[in-house]
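Biologist: I would like to learn how to read the local features of a structure from its atoms. Could you take me through them one by one, with the general idea before each case?

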Amino acid sequence: MSQPIVQGAPQQPNINLRTDFGHSPVGKFGDRDVSVGSTPTQSRTQNPPVLGKAPSLGERFLNWITPSGVRADSKARQSLHDYSEQLSKTLGTIATIDASTTEGKAKIQAALHDLAPKASKLIGQGIDYNDIFNTQLDLKLSQLSQDQLAALNMGLATALSEGGIDPQTLEGQTLGVISDKVKSFQKSQFTGINDQIKSQVESKLGGTVDKIIDHLNEDGDRDKLGQLFETLDQQATSIAEKYGPSKKDSPEGFEKFKAGLLKEALQHAIGDEPTRVGKFMGSMPPDMLKSLVHADPIYSSVDDVFAAERFVAGQIGLRAEKAEEKVLELAEKLASHSLDPMEDETGPIHSPSSFAKEVIEFQKALRELTSHSDKFGLLIDKEVRAKIDETVEHLDDLLEDGQMTLSELSTSQFGGLRGALKALDIHGLDEAFKGEFGVRREQAVKSYNQSLSTVLTSAKSGDHEQLLKDLDSFTSVTNQVLEAFRATGDKIEGSDDLMRLRYRLLDEHLFSLSDEDLISLFGAMNTTEMRTLAGGMQDVANQALNQNPVQGPKFFTASIDLELLRESITTELDNRGIGVPKLPDEKLYTAEDLSVGQLKILKDVYGMTVEPTSVRYTSGVAPEFVQKNVEKELQTRIGQTLTPETIGEDKHSTGVVGPFYRDLGRADFRIDFGDGKDPVEMVNRERIRSLDTRTLEIRKEAGIDQLRRLLGPDHDPGLLLFISDTVHQGMFTGIQASCLGPDSPIKLEDGTGGYLPSTSTELSYVFSKDDEGNIHVKATYVVKNPRHLACPPDPHPIPVDPTRSGATFTFGITITPDKQIELYEPVHIEYSAVRDTWKNPDTLRPIDIDDALYTTEYGISQGFEEYCNNNFQGESIRGVRAIDEFLAMDPPTLEKARELQNRYTRSNSEFELNISGRTRTKIDRFLRDLTDETFDPVKARALFKQARDEVVGMLKFDVLPRYLAGDGDVSGPDI
């Protein structure tokens with residue numbers, strides 16, 4: 001390959017050998033697809049990492065024109081241009097021409113033979129051919145994708161295979177060098193791509209795996225767990241779409257690559273801490289687990305992936321063992337039932353509900369075992385299989401005579417038992433089921449008609465709030481009816497089946513009504529107000545469904561039921577040939593048309609706030625994760641050892657912990673003794689504010705005695721201590737934690753979630769006791785006049801309007817005599833979070849006149865004072881503050897009173913206040929001819945307070961509204 005350097009050659013020209021002159025790296029084949037069947041890590045690659053960067057157009061132009069004025073350089077540059085072009089052509093020929101044929105072999109040899117002569121002018125200028133070849137080849141290869149490198153490598157392998165080009169010839173040696181470089185570039189790109197994949201797996205998939213493990217360790221709810229696994233699957237899909245084979249062209253390869261990514265994530269988790277992975281594997285969905293069985297590693301070495309293989313295989317075996325154990329356990333229960341049902345106290349005659357539960361659970365466990373075995377190609381143990389057959393045969397004999405009290409089964413048990421016996425191929429109760437069908441359907445239809453009649457009565461009355469409440473109840477009844485029909489043989493599998501049944505039930509009820517009733521209903525259902533309500537509800541139904549998992553579906557269904565009812569009434573009138581009155585307009589009403597009263601109804605009934613561009617649930621049962629957080633915090637109290645530090649060294653004698661003792665007098669503690677009277681305050685917060693320390697302690701101890709009285713004369717002192725360790729402001733930690741993030745149940749109108757911090761909070765607790773000695777506590781946490789919505793981890797809170805924002809959380813707990821805690825009433829929330837439209841960047845909006853006068857935080861009082869100064873009200877601010885200083889004196893003095901008179905209240909004084917002439921005269925007469933001995937401080941306080949009230953009233957009802965309306969405008973009036 002090497003070419004001799006010509007001795008005595010002129011000095012080498014200044015030529016950049018990495019110039020490609022814009023040539024395609026594969027010559028004229030550059031416009032053709034030179035790729036072949038790709039490997040998973042190749043096909044989707046865009047702009048793969050390269051060893052060198054191809055020169056830009058500007059660089060190419062500079063390479064072409066510099067250095068100028070040297071003719072030898074010009075010839076050398078032309079030679080480099082020709083060589084670049086020929087090398088591109090050669091690479092394209094190797095990649096696309098089949099060297100196994102005589103013709104193809106000859107074309108490749110010819111292309112290689114023509115390479116060196118193209119560099120003759122460069123060689124003549126003293127440049128080593130090896131430098132030319134290696135530099136240009138590196139440049140070409142660096143511009144190829146993995147697919148193109150793979151195609152080129154395949155062409156080289158064919159050309160160098162037996163019967164191809166002799167590797168000992170000059171052309172064969174050249175092919176060998178090209179082949180080595182191609183493999184080197186493939187390895188380089190493969191490593192770069194795998195580094196990217198590894199980074200994605202560890203940061204995204206690994207992060208989600210960590211979240212799942214943390215969630216499992218916290219015993220989180222199953223819905224959230226399912227969402228996390230869905231996120232893991234979606235992330236793996238996204239990475240596979242970027243780096244894996246085409247999902248369209250190679251679906252099997254795509255799924256295999258995706259499974260490999262999940263296995264890498266599992267391997268990463270194992271590597272961090274193997275003991276953490278057990279719960280994760282135990283919760284993994286079966287289909288995801290199956291995908292890992294034959295998944296190949298993407299970037300790990302073979303040794304590394306063995307741990308993941310063992311975890312997958314171990315989990316498959318463990319699930320099979322657990323499924324078999326569960327089936328055997330349930331089979332034993334069923335086998336214990338006597339073949340004489342009259343003698344069996346827990347059998348189908350005497351205890352049908354528990355018996356049905358056993359059968360349903362057995363069939364479900366058997367289904368899970370069979371499904372797992374089929375999915376993973378496992379054989380059920382022979383002894384287990386024999387026990388299953390024996391149990392099914394025993395059940396068949398037990399129910400052969402059709403003896404079972406089906407009427408006592410709930411709807412779900414009835415349908416579940418029927419389905420389980422059908423799956424087990426046991427038919428002894430078939431006739432009994434048929435007989436029960438008619439009875440249950442008749443009861444279901446009767447309940448439906450009664451509930452619908454209530455709805456129609458409310459509709460005719462025009463009471464829309466009552467109508468929506470009745471619709472809410474109707475929804476629950478309808479769901480029970482649909483379940484009853486499903487349990488008694490109706491095939492209801494999708495939305496179409498559900499709607500057909502709903503139409504049928506509704507049409508049958510309306511058919512039974514008289515013409516007069518139908519006409520009256522049509523009129524009530526088509527008033528402008530009703531059409532507005534129905535249209536507005538339909539407009540926001542989908543948003544409501546997505547906003548709240550509890551109330552959303554109820555509202556969505558109510559909107560459907562309301563429109564379905566209106567539509568069916570019209571249809572029934574048409575069917576009877578009764579003409580319907582013409583509507584006053586054909587307008588399609590939307591949420592924008594809802595009246596203030598209707599918006600209030602929606603909030604009162606469904607806890608939802610409808611706004612121009614959004615729907616928010618601002619009251620109702622808090623989301624599940626809030627309930628979990630509160631329960632988790634409460635459970636930390638159970639079994640906790642209360643130390644002197646926890647109790648407070650000076651609180652031993654009180655029998656309560658320090659936090660509880662400190663909260664007495666700050667929070668509202670009340671006791672309901674169940675005597676029909678209002679709950680009794682443990683400590684009156686208003687009366688204790690001015691008490692000395694010893695008197696305060698006496699009052700608090702008296703309050704604690706009231707709690708002892710509720711517990712009873714023989715109560716366990718440890719129970720009082722436990723109650724006090726539970727019932728204080730720490731109860732609300734779980735609520736606060738739930739609000740510290742974007743998933744917070746408190747949201748602005750744009751969906752931003754966060755926490756409403758406020759120094760103005762009210763905590764209250766009401767204790768009561770039941771006949772079993774359980775203590776019930778109703779806890780309330782109120783946030784008043786918050787100024788910000790905190791949105792961690794964002795360090796910048798969002799200002800909210802304090803006059804329209806706030807939150808109330810309530811829930812109830814039960815504390816048992818054995819010191820256990822449970823929620824007897826879930827967490828309810830009611831809130832308002834309105835983004836502040838205050839446009840003065842230097843101050844926050846005042847809450848009230850006292851806030852505007854005295855609150856210095858964020859310059860509130862400064863902003864208001866500046867506004868007053870610029871609008872000729874500065875003397876009012878100064879006068880009120882001066883009077884407040886006077887009123888705070890103990891006692892006020894004659895000297896200070898006359899100073900106020902001379903500066904603020906006397907006619908034509910320097911800062912004359914805008915007060916009534918009557919008040920001004922009273923102050924003047926009072927202060928005339930007074931001495932220190934005759935000065936009455938009480939009367940002085942009363943007179944100046946009257947002056948203050950008049951000025952503050954003007955500021956509150958005139959100046960402050962103008963300040964707020966002007967968005968903090970501090971400019972003076974136009975003159």
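Modeller: What follows goes from the overall fold to cavities, aromatic rings, single residues and backbone geometry.

Modeller: This is a predicted model, in which local features need pLDDT of at least 70 and side-chain atom pairs count only at pLDDT 80 or more, whereas totals for chains, interfaces and linings use all residues. Residues are numbered from 1 along each chain as its sequence is written, and side-chain values use heavy atoms, with hydrogens and water left out.

Biologist: How many helices and strands are there in the protein?

Modeller: Helices (H or I, at least four residues) and strands (E, at least two) are DSSP runs numbered from the N terminus, and the protein has 34 helices and eleven strands. Buried means under 20% relative accessible area, exposed over 50% and partly exposed in between, with a 1.4 Å probe and protein chains only; buried residues make up 45% of the 975 residues. With contact meaning heavy atoms within 4.5 Å, residues 24 or more positions apart account for 71% of the contacts with a separation of 6 or more.

Biologist: How many cavities of 30 Å³ or more does the count give, and which residues line the largest cavity?

Modeller: Rolling a probe the size of a water molecule over the atoms shows where empty space is left. On a 1 Å grid over the protein atoms alone, a cavity is a set of points where a 1.4 Å probe fits but cannot get out, and lining residues have an atom within 4 Å of a point. Grid points are joined across faces, edges and corners, and a volume is the space filled by probe spheres set on the points. By this rule there are two cavities of 30 Å³ or more, and the largest cavity holds about 80 Å³ of space. Its lining consists of Tyr448, Leu452, Leu471, Phe474, Thr478, Arg502, Leu506, Asp561, Leu564 and Leu565. At least two lining residues come from each of helix 16 (430-461), helix 17 (464-487), helix 18 (495-511) and helix 21 (551-575).

Biologist: What is the lining of the second largest cavity by class?

Modeller: For the classes, Ala, Val, Leu, Ile, Met, Phe, Trp, Tyr, Cys and Pro count as nonpolar, Asp, Glu, Lys and Arg as charged, and the others, Gly among them, as polar. The lining of the second largest cavity has nine nonpolar, no polar and no charged residues, while that of the largest cavity has seven nonpolar, one polar and two charged. The second largest cavity has a volume of about 40 Å³, and helix 9 (residues 251-272) gives the most to its lining, with three residues.

Biologist: How many aromatic pairs are there?

Modeller: A pair of aromatic rings is described by the distance of the centres and the angle of the planes. Rings of Phe, Tyr and Trp (its six-membered ring) pair if their centres lie within 6.5 Å, and planes under 30 degrees apart count as stacked, over 60 as edge-to-face and the rest as tilted. The count comes to 19 aromatic pairs, and one aromatic cluster is formed by Phe660, Phe669, Phe732, Tyr765, Phe767, Tyr781, Phe809 and Phe811.

Biologist: Is Asp668 buried or exposed?

Modeller: Asp668, in strand 4 (residues 668-671), counts as buried because its relative accessible area is 11%. Leaving aside neighbours within four places in sequence, Asp668 is in contact with Glu681, Arg685, Leu763, Ser764 and Tyr765. Thr532, in helix 20 (residues 528-547), is likewise buried, at 6%, and, with the neighbours within four places left aside, is in contact with Tyr589, Asp593, Leu594 and Gln598.

Biologist: Where are the cis peptide bonds and positive phi values that you would point out?

Modeller: Most residues other than glycine have a negative phi, and most peptide bonds are trans. The bond from Pro792 to Pro793 is cis, with omega near 5°, and Pro793 lies in the loop between strand 8 (788-789) and strand 9 (798-799). Asp890 and Pro891 are also joined by a cis peptide bond, with omega about 0°. Asn785, which is not a glycine, has a positive phi of about 50° and is partly exposed, at 29% relative accessibility. Asp929 has a positive phi near 60° and is exposed, with a relative accessible area of 69%; Asp929 is found in the loop between helix 33 (917-927) and helix 34 (937-965).

Note on methods: On a 1 Å grid over the protein atoms alone, a cavity is a set of points where a 1.4 Å probe fits but cannot get out, and a pocket is an open set with protein on both sides within 12 Å along at least five of seven lines; lining residues have an atom within 4 Å of a point.
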